[in-house]
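Let's work through a few exercises together, one step at a time. Keep the sequence and the 3D view open as you go.

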Amino acid sequence: MTHPASSASSNLQPATAGVGTLTHIREFLAFKIANEEYGVDILRVQEIRSYEKPTTIANAPEHLKGVVNLRGVIVPIIDLRIKLGVSEVQYNHLTVVIVLNIGNRVIGVVVDGVSDVLTLEPSQLRPVPALDSNFDPEHLLAIGSVDERMLILLDIEKFLADTVLGEATVAAH
């Protein structure tokens, strides 16, 4: 469900402490990985494509599936499911690649499926709780709450920083 942006944006409550830069209305592309729903800033999304097997790169890490030629641009394809540690990864007709613009790079990320674009107001954003996990809290913007849905909002630039600057650089050359 998409919530239209309120025209009275000056009446919005400030974001909860710890949410940081999310102090204004933003749109997120919602996607699924396993049984969880994630979101990424819609301004980073270039396009959504059906999954097609990329050209593999020798000795690449497991999450770097390979590269594709997208209208003359060589785009590394990263399986977000593997990078997030999802144990069982299956490719089917719902599997898609979200093509993202991160910095001056174009990167494709494989996800289980895309659901919709959500407009979230600061009042719908919650700070990420302290978790005892291997997941770096710096990689999360917030937890988005829309009715009964909860989305894990990724800071995709920080989450893919090591991949973008490391393995993807090798793949792109």
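Below are three exercises, each with a worked solution.

This is a predicted model, in which local features need pLDDT of at least 70 and side-chain atom pairs count only at pLDDT 80 or more, while totals for chains, interfaces and linings use all residues. Residues are numbered from 1 along each chain as its sequence is written, and side-chain values use heavy atoms, with hydrogens and water left out.

**Exercise 1. Work out in which order the five strands of the open sheet lie.**

Step 1. Start with the terms: strands are DSSP runs of E with at least two residues, helices are runs of H or I with at least four, and both are numbered from the N terminus. Two strands pair if DSSP finds at least two bridges between them.

Step 2. Read across the sheet: the order is β3-β6-β7-β5-β4, with mixed pairing. The edge strands, β3 (45-50) and β4 (64-70), each pair on one side only.

Step 3. Check one edge: β4 pairs with β5 (residues 73-79) in the antiparallel sense over six bridges. There, Asn69 has Ile74 in β5 as its bridge partner.

**Exercise 2. Describe the surroundings of β6, and say which strands pair with it in the antiparallel sense.**

Step 1. On one side, β3 and β6 are antiparallel over five bridges; Ile48 is matched with Ile98 in β6.

Step 2. β6 and β7 (residues 105-111) are also antiparallel, over seven bridges, and Val97 has Val110 in β7 as its bridge partner.

Step 3. Look at the turn: β6 and β7 form a hairpin with two residues between them, and Gly103 in that turn has a positive phi of about 65 degrees.

Step 4. Now count burial, where buried means under 20% relative accessible area (1.4 Å probe, protein chains only). Six of the seven residues of β6 are buried, so this strand is largely enclosed by the rest of the structure.

**Exercise 3. Find the largest cavity and sort its lining residues into nonpolar, polar and charged.**

Step 1. On a 1 Å grid over the protein atoms alone, a cavity is a set of points where a 1.4 Å probe fits but cannot get out; lining residues have an atom within 4 Å of a point.

Step 2. The largest cavity holds about 90 Å³ of space.

Step 3. Its lining includes Arg49, Glu52, Val68, Ile77 and Val99. The elements giving two or more residues to this lining are β3, β4, β5 and β6 (96-102).

Step 4. Sorted, the lining has six nonpolar, one polar and two charged residues.

Definitions and conventions. On a 1 Å grid over the protein atoms alone, a cavity is a set of points where a 1.4 Å probe fits but cannot get out, and a pocket is an open set with protein on both sides within 12 Å along at least five of seven lines; lining residues have an atom within 4 Å of a point. Grid points are joined across faces, edges and corners, and a volume is the space filled by probe spheres set on the points. Ala, Val, Leu, Ile, Met, Phe, Trp, Tyr, Cys and Pro count as nonpolar, Asp, Glu, Lys and Arg as charged, and the others, Gly among them, as polar. Buried means under 20% relative accessible area, exposed over 50%, partly exposed in between (1.4 Å probe, protein chains only).
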